[in-house]
Structure formats: structure tokens, C-alpha cells
Amino acid sequence: MQKYRCLACGYIYDPEVGDADGGIAAGTSFEDLPDDWVCPECGVGKDEFEPE
């Protein structure tokens, strides 16, 4: 699965890991994240991420 990098802080969203603190299960692709999901490090929206 494709990883995505936050342009604001450099956080890498890895679908194989998910975002446990944000309630996102491992195996959730970036495209399947809720529209209101934000970077767990800096709080920007999905539109501030690019494919890694």
C-alpha cells in the first residue's frame, strides 16, 4: 500500500500501521481515511499530504 507524507511536518502515514490513536485500523489505505482525518503530529488535513 502507498505511504503518504505530510507536507507540513513530514509525518508518514503508513497504511500497514494505521493511526491507532486516531481510531484508524491497520490496513486502512489513505484513500479510505475519513475526510475529517487530520495529521496526528500537526493537525493539518488530508489535502496537505502527498504520496511518498
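A residue is buried if its relative accessible area is under 20%, exposed if over 50%, and partly exposed in between (1.4 Å probe, protein chains only). The structure is a predicted model, in which local features need pLDDT of at least 70, side-chain atom pairs count only at pLDDT 80 or more, and totals for chains, interfaces and linings use all residues. Residues are numbered from 1 along each chain as its sequence is written, and side-chain values use heavy atoms, with hydrogens and water left out.

**Exercise 1. State whether Phe-30, Trp-37, Phe-49 and Ala-20 are buried or exposed.**

Step 1. Phe-30 has a relative accessibility of 7%, so Phe-30 is buried. Trp-37 is buried too.

Step 2. Phe-49 has a relative accessible area of 9% and is therefore buried.

Step 3. For Ala-20 the relative accessibility is 68%, so this residue counts as exposed.

Step 4. For the whole protein chain, 33% of the 52 residues count as buried.

**Exercise 2. Describe the strands of the protein chain and place Ala-20 among them.**

Step 1. Helices (H or I, at least four residues) and strands (E, at least two) are DSSP runs, numbered from the N terminus. The protein chain has three strands and zero helices, in the order β-β-β from the N terminus on.

Step 2. Ala-20 belongs to the loop between strand 2 and strand 3. Its C-alpha atom is 16 Å from that of Asp-36, 16 residues apart along the chain.

**Exercise 3. Classify the aromatic pairs that Phe-30 forms with Trp-37 and Phe-49.**

Step 1. Rings of Phe, Tyr and Trp (its six-membered ring) pair if their centres lie within 6.5 Å; planes under 30 degrees apart are stacked, over 60 edge-to-face, and the rest tilted. This rule gives six aromatic pairs.

Step 2. Between Phe-30 and Trp-37 the centres are 6.3 Å apart and the planes make 85 degrees, an edge-to-face pair.

Step 3. Phe-30 and Phe-49 have centres 5.4 Å apart and planes at 40 degrees, a tilted pair. Phe-30 lies in the loop between strand 2 (12-13) and strand 3 (49-51), and Phe-49 in strand 3, so this pair ties together parts 19 residues apart in sequence.

Step 4. Ring pairs join Phe-30, Trp-37 and Phe-49 with Tyr-4 and Tyr-13 in a cluster.

**Exercise 4. Find which residue lies over the face of Phe-30.**

Step 1. A charge sits over a ring if NZ of Lys or CZ of Arg is within 6 Å of the ring centre and within 35 degrees of the ring normal.

Step 2. The residue is Lys-46, at 5.4 Å from the ring centre of Phe-30.
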